[in-house]
Amino acid sequence: MIISPSLLSADFGILKEELSELSLAGADWLHLDIMDGHFVPNITFGPDQVKNIGKYTSLPLDVHLMIEKPSAYIEKFAQSNPHIIVVHHESKDDIHQCLEMIRALGIKAGITIKPDTKTEVLQQYLDKTDMILMMSVQPGFGGQSFMDGSVERIQRVREMIGSRNIHLQVDGGINDKTAKLAVQAGADVLVAGSYIFKGDKAKNIQTLRSAAL
Ligand code: DX5
Ligand code: ZN
């Protein structure tokens, strides 16, 4: 089980401490939510900030691009040497080309869909992706509740993946209860923001791991 805490819930005033706490707490990856105020109604940070974050952590960077034109930024994000870059099927771009571009840069490529997008659209990307991210909330904000219907959607995608070497990540509303549901349905990578950052990070990550067992 891979746990990828979302930095969206961190206190950016003490970011360096937050980053070292996450490593000590046993995080596997670091989830970075990139929002442009167009694709989602919220704005976060860009490639320069990701590069700085990378200086203060050795956790593999898991970059979730919630932006309208990912192709224009992939090379810039690649400069931080992330482990994986994930693009949205719904972005106004050639998504096949984005996935190819990411892989050509020697980075793992992920594809994601919003909760109201049909899971069947993922079929076309199966040969071009290393991870499918299933959004279990509407992208844009932390602290929302895991949406009804997410479990069935995760199950369907797990079946679609079959024996392929593709991770199945779930993002949004993950806590000790929903982590269990997501993993039972077939997830092997969990993103969690508000749950991990509320209180003791090590204890919260451990609780998520035990719930997932
Ligand atoms: C939402 C982001 C998530 C968010 C999750 O658009 O993609 O990564 O940080 O936050 P929680 O875990 O609080 O739902
Ligand atoms: Zn995310």
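**Overall fold, helix H4 and the ligand site**

For a chain of 213 residues, a compact globule would come out with a radius of gyration near 17 Å, and the protein chain, at 16 Å, agrees with that. The model is a predicted one. Along the principal axes, the C-alpha atoms take up a box of roughly 40 × 35 × 30 Å. As for secondary structure, the chain has eight helices and eight strands.

A few bulk numbers fill in the picture. Buried residues make up 52% of the 213 in the protein chain. Contacts were also sorted by how far apart the partners sit in sequence: looking just at those with a separation of 6 or more, 63% are between residues 24 or more positions apart. On the outside, the protein chain exposes about 9,600 Å², and 48% of this area is supplied by carbon and sulfur atoms.

Zooming in, helix H4 spans residues 95–104, and its buried residues are Ile 95, Cys 98, Leu 99 and Ile 102. These four sit on the same side of H4, because the arc they cover around the axis is only 95 degrees. The cover over them includes another helix, H3 (74–78), along with two strands, S4 (84–88) and S5 (108–113).

Both ends of H4 have something to look at. At its start, Asp 94 points a side-chain oxygen towards the backbone nitrogen of His 96, getting to within 3.2 Å of that atom. On the other side, Gly 106 follows the helix, with a positive phi near 80 degrees.

Then there is the ligand. Ligand 1 has 20 residues around it, and the ones that come nearest are Ser 6, Gly 140, Asp 171, Gly 193 and Ser 194. Three side chains are worth listing for their polar contacts with ligand oxygen. In Ser 194, a side-chain N or O atom lies 2.5 Å from an oxygen atom of ligand 1. For Asp 33, the corresponding distance between a side-chain N or O atom and a ligand oxygen is 2.8 Å. His 64 also takes part, with a polar side-chain atom 3.3 Å from an oxygen atom of ligand 1. As for cover, ligand 1 on its own has 380 Å² of accessible area, and the protein covers 100% of it.

Definitions and conventions: Residues numbered from 1 in each chain as written. Chains lettered and ligands numbered in written order. Predicted model: local features only at pLDDT ≥ 70, side-chain atom pairs only at ≥ 80, totals over all residues. Heavy atoms only, no water. Buried < 20%, exposed > 50% of the residue type's maximum accessible area, 1.4 Å probe, protein only. Arc of directions from axis to C-beta. Contact = heavy atoms within 4.5 Å. Polar contact = N/O pair within 3.5 Å; in protein donor to acceptor, adjacent residues only side chain to side chain. Near = heavy atom within 4 Å. Areas by Shrake-Rupley, 256 points an atom, 1.4 Å probe, with all protein chains shown as cover. Rg over C-alpha atoms; globule rule 2.2 N^0.38 Å.
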